[in-house]
Amino acid sequence: MLMGNNFQENPDGIVLLAKKSGPTSFSALNSIKKALGTAKVGHTGTLDSFAQGLLVACTGRLTRLAGNITEFDKDYEAVIKFGEETDTLEYTGNIIKEAPLPTAESLQSALEKFKGNIMQSPPSFSAIHVNGKRASDLARSGHIEELPARPVTVFEAQIKEIQRNDKNQVQYALIHFLVSKGTYIRSLARDIAKECGSAAHLIGLYRTKVGLFNIENAAGYNQLEAFTIENAIKEAQAFKTNNEAEKKDWANDPQEALLKEEIRQKKLALNEETARSCGFDIIHTKSEKALNDFQNGKKLISANFDTNLHSLQNEKSVAVFTPDGFFLGLIYKNKEGRISYKFVIN
């Protein structure tokens, strides 16, 4: 189990944060900034405003790690509403398509077709850049972009709960997905519904794992509501009736003080266990001179480390530590076998 360290005087670390449904990922980071007294906080993968679940954030000098630990597979639970597709592919958007509800059998059959390696077209409302602008910004201004399909992998797709109408058709389904980096669950809901002759959009999304990091270890986990079909329906209805999700004052939530204390208690130092959880291989400097050479950006040679650098895996980031476990920085071996610095902590 990953253990936290309470270093209030040192903001460097990794924070697992349980984001509530409502705030953006960017605004959710304010709790970390206030708790640790630093403006340097970056997340390793965004969550839509309507979604809840795990954000992995890097803080202090370790913000430079954020762009290096984004290759993780991710676990989600999604509540899909069938019969209607929205322009955003989730409940805050406008309905653009209606279709019959599927049967449980046709839904299960469709799910099987989306397991494995597939080509997926991302949502028009997404953070993907098109000619230097976000696709979502273009979509809001009326310029809907058809984004090119790209390869993703769906490792698991399992129905956990179904809510039917009086004709035994599926109105809502709670589905667990394990997917590769870059997979959009909103697009999966759209495409699965189309495959079973229906239309759909998400009314709830819950990210439970990012790589080896688990929501149950996140600060704020106990403040999340149970993720069920019923709770997702209530949230979507509340938004449509009074925009409750937008009006709520998240910054002054009475549970904010508890959350900030939990962030301080659960902040992870970048030790070797955490580095492995981030997907890095580990090597160590062999001497004081080797440490100084590394910190001063001198040529990387095998004689300075406990591992032959030529034996490292290509296209892989490697975390460098001192023999007593102090993190020094990252190096990278590219596909041609060339080894270079990524960054150094001084």
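Me: A polar contact is a pair of N or O atoms within 3.5 Å; within protein, one must be able to donate a hydrogen and the other to accept it, and residues adjacent in sequence count only if both atoms are side-chain atoms. Which residue's side chain is joined to that of Asn68 by such a contact?

Reply: A word on the model: it is predicted, local features need pLDDT of at least 70, side-chain atom pairs count only at pLDDT 80 or more, and totals for chains, interfaces and linings use all residues. Residues are numbered from 1 along each chain as its sequence is written, and side-chain values use heavy atoms, with hydrogens and water left out. At a distance of 2.6 Å, the side chain of Asn68 has a polar contact with that of Lys342.

Me: Is Asn68 buried or exposed?

Reply: Asn68 is in the loop between strands S3 (52-59) and S4 (74-82); strands (E, at least two residues) and helices (H or I, at least four) are DSSP runs, numbered from the N terminus. Beyond four places in sequence, Asn68 is in contact (heavy atoms within 4.5 Å) with Phe280, Ser317, Leu330, Lys342 and Phe343. The scale is relative accessible area: under 20% is buried, over 50% exposed and in between partly exposed, with a 1.4 Å probe and protein chains only. Because its relative accessibility is 17%, Asn68 counts as buried.

Me: Lys335 also sits in a loop. Is Lys335 buried or exposed?

Reply: The loop of Lys335 links strand S16 (327-333) to strand S17 (339-344). Contacts of Lys335 beyond four places in sequence are with Asn314 and Glu315; the C-alpha of Glu315 is 5.2 Å away, although the two residues are 20 apart in sequence. With a relative accessible area of 57%, Lys335 is exposed.

Me: How many strands form the open sheet that includes S16 and S17?

Reply: Two strands pair if DSSP finds at least two bridges between them. The order is S14-S15-S16-S17 with mixed pairing, and strand S14 (281-284) and S17 are the edges, each pairing on one side only. Neighbouring strands are turned by 30 degrees on average, direction ignored. The number of strands in this open sheet is four.

Me: In S15, which residue is the bridge partner of Ile283?

Reply: S14 and strand S15 (residues 316-321) run parallel and are joined by four bridges. In S15, the partner of Ile283 is Val320.

Me: At about what angle does helix H10 run to S16?

Reply: Helix H10 (residues 288-295) lies across S15, S16 and S17. Axes are lines fitted to C-alpha atoms, for helices over the stretch in contact, and angles run from 0 to 180 degrees between N-to-C directions. Relative to S16, H10 runs at about 65 degrees.

Me: Which strand gives the most to the largest nonpolar core?

Reply: A nonpolar core is a set of buried Ala, Val, Leu, Ile, Met, Phe, Trp, Tyr and Cys residues joined through side-chain atoms within 4.5 Å. The largest has 83 residues, and Leu65, Phe177 and Phe327 have the most contacts inside it. With seven residues, the top contributor is strand S11 (residues 170-179).

Me: What share of the 346 residues in the protein is buried?

Reply: The protein has ten helices and 17 strands. One of the helices, H8 (residues 256-266), has Glu256, Leu259, Glu262, Ile263 and Arg264 buried, under cover that includes strand S1 (13-19) and helix H2 (30-36). Across the protein, the buried share is 52%.
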